[in-house]
Amino acid sequence: MWLFLLLLVCSTVARAAVPGQGTPKFRVVALAESGGIHQPFVDAAKLWLNKLAFENNFAVDYIQNTDKIDDAFLSQYQLFIQLNYPPYNWTPTAQAAFVKYIEEGRGGWIGFHHATLLGEFDGFKMWPWFSNFMGGIRFTNYIPTFADGMVTVEDTTHPAMQGVKTPFPVSQEEWYTWDKSPRPNVHVLASVDEKTYTPDTKIKMGDHPVIWTNEHYKARNIYIFMGHHPDLFQNPAFTTIFRNSIFWAAHQ
């Protein structure tokens with residue numbers, strides 16, 4: 001079984017590196033968190049992304065830190081995916097290049113889960129620009145014991161939400177809370193109904209957006225909170241949103 005899985009991973013990665021129909025339509029860079037409790041989600045995301053890339057003739061490159069990121073590096077890509085990588089421990093050069101990429105609309109952006117881990121973590125200071133990009137929020141807490149919840153699509157007309165049934169379930173998620181709702185500063189696409197948490201918990205924030213886009217920036221961008229368990233890639237609502245977001249954010 002392990003040999004089969006290894007061969008599957010190698011085969012999928014190889015296919016993603018060489019799209020099925022010649023020159024790729026567009027290129028994606030995924031800044032992927034390495035190690036720790038989110039590694040299974042990242043591994044599953046790579047398998048899913050590579051298959052989608054092969055089937056739709058686009059290319060995906062993966063990096064595990066921000067050392068390579070500068071203006072020239074980002075100029076190769078039409079889409080930047082922040083695959084659970086947090087908004088700290090970026091090089092100053094990478095920060096400056098990313099800000100330009102987003103503010104000037106040089107490419108699109110999709111962020112998952114850890115991208116809103118905003119505050120002072122691991123000896124790093126808050127990145128104020130990124131906090132504003134995410135709606136002016138700061139991380140406060142999460143549900144460490146996990147909870148199921150129902151997510152309601154608020155904007156069924158947005159391209160990222162096409163074909164998504166509402167509400168849809170999300171199982172065993174951490175459900176971050178922030179110091180305030182980002183709603184006044186962003187366009188909310190979906191929110192979790194905290195009354196549906198199973199098991200119930202006191203860790204709540206009231207108005208609780210979980211998918212949104214910040215239309216104050218030129219880059220097409222979307223933040224998708226969910227991203228802890230690899231089982232999300234068995235959730236058709238999640239994979240539909242991810243797929244839709246890729247093609248929307250990359251202007252495809």
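What follows is a short exchange about a predicted model.

Biologist: In what order do the strands of the nine-stranded open sheet run?

Modeller: The model is predicted. Its open sheet has nine strands, and the pairing is mixed. The order is S2-S1-S3-S4-S11-S10-S9-S6-S7.

Biologist: Which strands stand at the edges, each with a single partner strand?

Modeller: An edge strand here has a single partner strand, so one side of it is left without a neighbour in the sheet. Two strands fit: residues 59-63 and residues 168-173. They are S2 and S7.

Biologist: What does the twist average from one strand to the next?

Modeller: The sheet has the mixed pairing noted above. From one strand to the next, its twist averages 20°.

Biologist: Which residue in S10 is the bridge partner of Ala190?

Modeller: Strand S9 covers residues 187-198, and strand S10 covers residues 209-213. The two pair in the antiparallel sense over four bridges. In S10, the partner of Ala190 is Ile211.

Biologist: What angle does the direction of helix H2 make with that of S2?

Modeller: Helix H2 spans residues 39-56 and packs on the sheet. It touches S1, S2 and S3. Its direction and that of S2 make an angle of about 155°.

Biologist: And helix H4: which strands does it touch?

Modeller: H4, residues 92-103, also packs on the sheet. Its direction makes about 125° with that of S3. The strands touched are S3 and S4.

Biologist: Is Thr201 buried or exposed?

Modeller: Thr201 lies in the loop between S9 and S10. A polar atom of its side chain lies 3.0 Å from the backbone nitrogen of Ile203. Its relative accessibility is 16%, and the cut-off is under 20%. Thr201 therefore counts as buried.

Biologist: What kind of aromatic pair do Phe130 and Phe133 form?

Modeller: Both lie in helix H5, three residues apart, about one turn of the helix. Phe130 is buried at 0% relative accessibility, and Phe133 is buried with a relative accessible area of 0%. The ring centres are 5.6 Å apart and the planes are at 85°. Planes over 60 degrees apart count as edge-to-face, and the pair is edge-to-face.

Biologist: Why is the pair of Trp212 and Tyr223 tilted?

Modeller: Trp212 lies in strand S10 and Tyr223 in strand S11, so the pair ties together parts 11 residues apart in sequence. Both residues are buried. Their ring centres are 4.9 Å apart. The pair is tilted because the planes are at 50°.

Biologist: Which residues form one aromatic cluster with Trp212 and Tyr223?

Modeller: The count of aromatic pairs comes to 45. The cluster that holds Trp212 and Tyr223 also includes Tyr88, Phe121, Phe124, Phe139, Tyr142, Trp175, Tyr176, Trp178, Tyr197 and Phe225.

Biologist: Which backbone oxygen does the side chain of Trp175 reach?

Modeller: Trp175 is found in the loop between S7 and strand S8. Trp175 is buried, with a relative accessible area of 0%. Its side chain reaches a backbone oxygen at 2.8 Å, that of Ala147.

Biologist: What distance separates the C-alpha atoms of Trp175 and Asp70?

Modeller: Along the chain, Trp175 and Asp70 are 105 residues apart. Their C-alpha atoms are separated by 32 Å.

Biologist: Over the face of which residue does Lys46 lie?

Modeller: Lys46 is at 5.2 Å from the ring centre. The charge cut-off is within 6 Å. The ring belongs to Tyr62.

Terms used. Residues numbered from 1 in each chain as written. Predicted model: local features only at pLDDT ≥ 70, side-chain atom pairs only at ≥ 80, totals over all residues. Heavy atoms only, no water. Pairing = 2+ DSSP bridges. Axes fitted to C-alpha atoms, helices over the stretch in contact; angles between N-to-C directions. Contact = heavy atoms within 4.5 Å. Buried < 20%, exposed > 50% of the residue type's maximum accessible area, 1.4 Å probe, protein only. Polar contact = N/O pair within 3.5 Å; in protein donor to acceptor, adjacent residues only side chain to side chain. Phe/Tyr/Trp six-rings, centres within 6.5 Å; stacked < 30°, edge-to-face > 60°. Lys NZ or Arg CZ within 6 Å of the ring centre and 35° of its normal.
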